[in-house]
Amino acid sequence: MLDHVEPIAAQPIEPFSTEHESFKSTKPETLGRFVGKHFIYTYENGWHYETYIRSAYSADFRIHSGLLTGRWVTDTKVHLVRITDDICKMSWCEPTGTCVSLLFNLGNRRMHGTIFFPQWIAKNPKEAIVHENEHDAEMQAFRNAGPTYPTMVIDEFADISFMEDCGTENNKVIACSSTELPKGYASRKN
Ligand code: FER
């Protein structure tokens, strides 16, 4: 049945890049309320995450609990769009091959996240528990070794327990692993 399908030739292994992504949906002039926001939130499955929107095109995050407790990433390129005055959506792929799409509602302090984990992360989450920026080549090697499939899709709602404005390109917001933070940091509520 698939006789007409040519086998795909082995592809050269590409380093991670977002150069092929257009970012044309991103309209920085509509994102004033969202850029600079720092959120701490807990998914209904108990996973506790933190995100900082550092610019209209980039974000930092840190994982306090869940499959990848201790993982953190700074200045990852994201696609951020305004949905309504209260709601924004942010989507991106990581060098690991994990893809993420998050919707934040500042009005009711709820969010919804969809995470698409490649199978290698589902099997071996420990390998990705690093400050990713310092382990790019290693993460790309794991991504290329795979397997990708079956993708583990996690889709969960979360309550935002802490929300503040930190301005743009603030390197102090997320600057260490969750395991190095003072006690009580992530349980703050406002
Ligand atoms: C989130 C859910 C998942 C999030 C990040 C991820 C920034 C995952 C990223 C990864 O493991 O690479 O809410 O917030």
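Select R109 to start. R109 is partly exposed, because 17 other C-beta atoms lie within 10 Å. The scale works like this: a residue is buried if 20 or more other C-beta atoms lie within 10 Å of its own, exposed if 12 or fewer, and partly exposed in between, with C-beta atoms placed from the backbone. R109 has a positive phi of about 55°, although it is not a glycine. Its place is the loop between strand 7 and strand 8. Helices (H or I, at least four residues) and strands (E, at least two) are DSSP runs, numbered from the N terminus.

Before moving on, note that this is a predicted model: local features need pLDDT of at least 70, side-chain atom pairs count only at pLDDT 80 or more, and totals for chains, interfaces and linings use all residues. Residues are numbered from 1 along each chain as its sequence is written.

**The whole chain**

Zoom out and colour by secondary structure. The protein chain has two helices and nine strands. From the N terminus on, the order is β-β-β-β-β-β-β-β-α-α-β. Along its principal axes, the C-alpha trace spans about 60 × 35 × 30 Å. Of the 190 residues, 28% count as buried.

**Strands 1, 2 and 3**

Select residues 37–43, which are strand 1. Add residues 48–55, which are strand 2. Strand 1 and strand 2 pair in the antiparallel sense over five bridges. Two strands pair if DSSP finds at least two bridges between them. Find T42: H48 in strand 2 stands opposite T42. The two strands form a hairpin with four residues between them. In that turn, G46 has a positive phi of about 95°.

Now add strand 3, residues 58–65. Strand 2 and strand 3 also pair in the antiparallel sense, over seven bridges. Which residue of strand 3 is the bridge partner of H48? S65 is the partner. A hairpin of two residues joins strand 2 to strand 3. Strand 2 is largely enclosed by the rest of the structure, because six of its eight residues are buried.

**The ligand**

Show the ligand and what surrounds it. Select Y49, T51, F61, L68, R71, E94, T96, T98, V100, L102, G113 and I115. A residue is near the ligand if its C-beta atom, placed from the backbone, lies within 6 Å of it. The shell divides into six nonpolar, four polar and two charged residues. Here Ala, Val, Leu, Ile, Met, Phe, Trp, Tyr, Cys and Pro count as nonpolar, Asp, Glu, Lys and Arg as charged, and the others, Gly among them, as polar. Strand 2, strand 7 (99–105) and strand 8 (110–117) each supply at least two residues of this shell.

**The core**

Next, select Y41, A59, F61, L80, M90 and M111. In the largest nonpolar core, which has 34 residues, these touch the most other members. A nonpolar core is a set of buried Ala, Val, Leu, Ile, Met, Phe, Trp, Tyr and Cys residues joined through C-beta atoms within 7 Å. Strand 1 gives the most to this core, with four residues. In soluble globular proteins, nonpolar side chains tend to be buried together.

Stay on Y41. Not counting residues up to four places away in sequence, Y41 touches Y49, M111, A158, D159, I160 and S161. Two residues are in contact if their C-beta atoms, placed from the backbone, lie within 7 Å.

**P95**

Jump to P95, in the loop between strand 6 (87–93) and strand 7. Is P95 buried or exposed? P95 is buried, because 22 other C-beta atoms lie within 10 Å. Leaving aside neighbours within four places in sequence, P95 is in contact with F16, E132, D136, M139, Q140 and R143. Now pick E21 as well. P95 and E21 are 74 residues apart in sequence and 14 Å apart in space, C-alpha to C-alpha.

**Two cis bonds**

Move to the loop between helix 2 (136–145) and strand 9, where P147 sits. A cis peptide bond joins G146 and P147, with omega about -5°. P150 is found in the loop between helix 2 and strand 9 too. The peptide bond from Y149 to P150 is cis, with omega near 0°.

**Last stops**

Select F23, in the segment before strand 1. F23 has a positive phi of about 55°, although it is not a glycine. F23 counts as partly exposed, because it has 13 C-beta neighbours inside 10 Å.

Finish at R188, in the segment after strand 9 (152–165). R188 counts as exposed, because it has 10 C-beta neighbours inside 10 Å. The C-alpha atoms of R188 and F23 are separated by 34 Å, and the two residues are 165 apart along the chain.
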